[in-house]
Amino acid sequence: MNPSTAFATVVVDELIRNGVREVVLAPGSRSAPLALALAEADRAGLLRLHVRIDERTAGFLAIGLIRGSGLPVPVVTTSGTAVANLHPAVLEASHSGLPLLVLSADRPPELRGSGANQTTDQLKIFGDTVRLFHEMGTPSKQLGQVAYWRSVVSRAVSVAVGARTADPGPIQLNCAFAEPLVPDGVDDWPEPLDGRTAAWTTVHPGAVSPSAVSPGPKTVVIAGDGASQSARLAAEAGNWPLFAEPSSRSRIGPSVISTYRLLLASSPLAGEIERVLVFGHPTLSRPVSKLLATPGIEVIVVAPTGRWPDAARRASLVAPALEVTGPDDPAWLEKWQAADALVQPVLGKLDGLPGPVIAATMAEAIGADGMLVVGSSNAIRDLDLSPVVPIRTVANRGLAGIDGTLSTAVGAALANAGPTYALLGDLAFLHDANGLVIGPDEPRPDLRIVVLNDNGGGIFSTLEQGAGEHAEHFERVFGTPHAVSLEALCGATQTPYRLAKTREDLRAAVEGTVEGIDVIEVRVDRSGHRDLQAAITAAVGEALG
C-alpha cells in the first residue's frame, strides 16, 4: 500500500471514530487519496459525502451542515487557490464558534517555492482564525505513522469542538501527498492500520462554575446569535424582559419582547434600564449597541469560552454561566409586555408586501417549530420584528456577511432531513447562486427559498448613505441595481421558480409541500425603505402616546 492511500484510509477512519458523519469535498487531483477514501466510506454507509465544484460553496455547505447537526464537519480541497477560497467560511466558523475541519491537500514540501503547478505556501494560510493548524508532513512507510495520524486527528477534532476549552472553531490540517495518489493494489504496511476500538484519544470537558445574579436592579436580558436556551431560562427565572435576536435560539416564552428594537428607540422604558445580561453575540440592532454603551448601566456578559462580546468595552463581569438566585418584582416585565402589546399592531397594519410583512408572513406559515435559514442585511432585521420566529432559526452572524447563504441553507436542510426554509435578499442570492449547482448523484434537501428582491443593496437606503444629500452617487455605489432575472437564473439550474405578488400568494407558496429545492421571489420597491422606516417609527411613537 502506498503512503498516500494508507494516510487517507487512517485519517477518514479516525474522523468517523471521532463523530464525523458528514463530509464536503471539492474535486481535485492532489486530494485524490482523501476523495477515494471518503467515497469508500460513503458507499459503506459510514458517513455521507457531499461533492461541490466550488470551494466557497463547499465551505458554506459545511457551515450549514454544522449549524443543522451540531457535529464537526470536514471540508476537503486540493491545493492552491482551492484552499484560499475557503477563507470566508473559515472566518464565519471562527467568529461563530463552529467546528469546521479544513483538510487541505498540498504538494510535498520540496516542491514549494519551485514553481510547481498549483503550489503555494498553504502553511497557516488562515492565520489566527483557526483554533489549530498542523502540517501533517508527507506520509512515509514506517512504524509509528498510524499512532501519529490518529492522535493528530483526535486532537484536531477535540480542539474544533472545544472539548477542553469550550471555545469551538475551525482547524486546518495541511496534508501533503506524494505520488502515487491512487491505490496501487497492494495491501502490505509495516504495522496494522486499525486504531483503538473508539477514538484514539478521548477528551473530557473541564468544569464550569456559574456566577450568582440577584434580583434588584431593573434588568433586561439580551440574547444574541447562538445564545441558546440559557438566556430564556435566566430571563424567566428573574422575571426580566428578554430581547432575543432571531438566531439566538431563545426567542420563546413569556419574557420575549418581540418589538424590543422599536421600544429601545422610542419608549421611555429604555431610560429606566439599570442592568443588562448579555448572552450570545448581539449584532442586529443599533439601539442595543447604544444601550450597551450607556454609562451607568451594569453590563454582565455570559460567555462559556475565552471569547466574549463587549464592543463598547463596558462589561463589568464576564461569567461562564449564571445562576439567578430569585425572581424580581414582575411589574418591570409587565411594563415591557404592555408596551410590546401596543406596538405589535403597528406592524400588523402595514400595507402591501414590505420586508417586515414578508418575514412575518413566512415565519407564521412555517411555525415556531420549523427550521428557517435567514440571510444578513434586511432579511434578518425584518424577521426580528416578527411576532413569531421559528426557534430553529439559523443565520451566519459571526461576521454577518452575505457569503454562502444559499449553501448554508442547503447544508442546514440536509442536516435537518425535513422541510427547511430560507429567507434572503437578492444580493445574497446572487452572491451564492452556485449553491444551486448540485450534481445528480448528490443528496438533495427539501428546501424552500424565499428571495426578497429589491434589486440591490436595500439596507443602505435605511442608513446614513441613504440620506437625500448623498442621492447623486447612491444608486451606483450603494444601491448597486443589477436587473437580473431570478427566474432565468433558476431555469439554468432547473430549479422550480414562482413569483409571489400578494400576501396571499406568498402564504400559499410557503405552505405548500416542500419537495426538493424551489425558489419564491417577492419583489419590493427599494425606494420606499427609508420612508417605511420613518413611518414605523412615527406610528410606534403615536401608539406609545
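Begin by selecting helix 11 (residues 355-366) in this predicted model. Helix 11 lies across strand 14, strand 16, strand 17 (447-453) and strand 19 (517-523), and runs at about 175 degrees to strand 16. Helix 13 (residues 405-416) may be added next: helix 13 also packs on the sheet, where it touches strand 14, strand 15, strand 16, strand 17 and strand 19. The direction of helix 13 makes about 165 degrees with that of strand 14.

**The sheet beneath these helices**

Now display the strands themselves. This open sheet consists of six strands in the order 15-14-16-17-19-18, with parallel pairing. Its edges are formed by strand 15 (392-394) and strand 18 (497-499), each of which pairs on one side only. On average, and with direction ignored, neighbouring strands of the sheet are turned by 20 degrees against each other.

For a detail of the pairing, select strand 14 (residues 371-374) together with strand 16 (residues 420-425); four bridges join them in the parallel sense. Within this pair, Val373 stands opposite Ala422 of strand 16.

**Helix 10**

Proceed to helix 10, residues 331-348. Its 18 residues reach 27 Å from the first C-alpha to the last, close to the 26 Å expected at 1.5 Å a residue. Colouring by accessibility will pick out the buried residues of helix 10: Trp332, Leu333, Trp336, Ala339, Asp340, Val343, Val346 and Leu347. To see what covers them, add elements including strand 8 (219-223), strand 9 (242-244), helix 8 (260-266) and helix 18 (529-544).

**A second sheet**

Move next to the strands of lower number. Here an open sheet of six strands follows the order 2-1-3-4-6-5, with parallel pairing. Strand 2 (48-51) and strand 5 (132-135) are the edge strands, each pairing on one side only. The average turn between neighbouring strands of this sheet is 20 degrees, direction ignored.

At one edge, select strand 5 and strand 6 (residues 171-176), which pair in the parallel sense over four bridges. Leu132 has Ile171 of strand 6 as its bridge partner.

**Helix 3 against helix 5**

Finally, select helix 3 (residues 55-69) and helix 5 (residues 87-96), whose axes come within 8 Å and cross at roughly 25 degrees. Because this angle is under 35 degrees, helix 3 is roughly parallel to helix 5. Show side chains at the contact: Arg56, Gly59, Phe60, Ile63 and Arg67 in helix 3 meet Pro88, Ala89, Glu92, Ala93 and Ser96 in helix 5. By class, this contact comprises five nonpolar, two polar and three charged residues.

Terms used:
Residues numbered from 1 in each chain as written. Predicted model: local features only at pLDDT ≥ 70, side-chain atom pairs only at ≥ 80, totals over all residues. Heavy atoms only, no water. Axes fitted to C-alpha atoms, helices over the stretch in contact; angles between N-to-C directions. Helix = DSSP H or I, 4+ residues; strand = E, 2+ residues; numbered from the N terminus. Parallel < 35°, antiparallel > 145°, perpendicular 65-115°, else oblique. Contact = heavy atoms within 4.5 Å. Nonpolar A, V, L, I, M, F, W, Y, C, P; charged D, E, K, R; others polar. Expected span 1.5 Å × (residues − 1). Buried < 20%, exposed > 50% of the residue type's maximum accessible area, 1.4 Å probe, protein only. Pairing = 2+ DSSP bridges.
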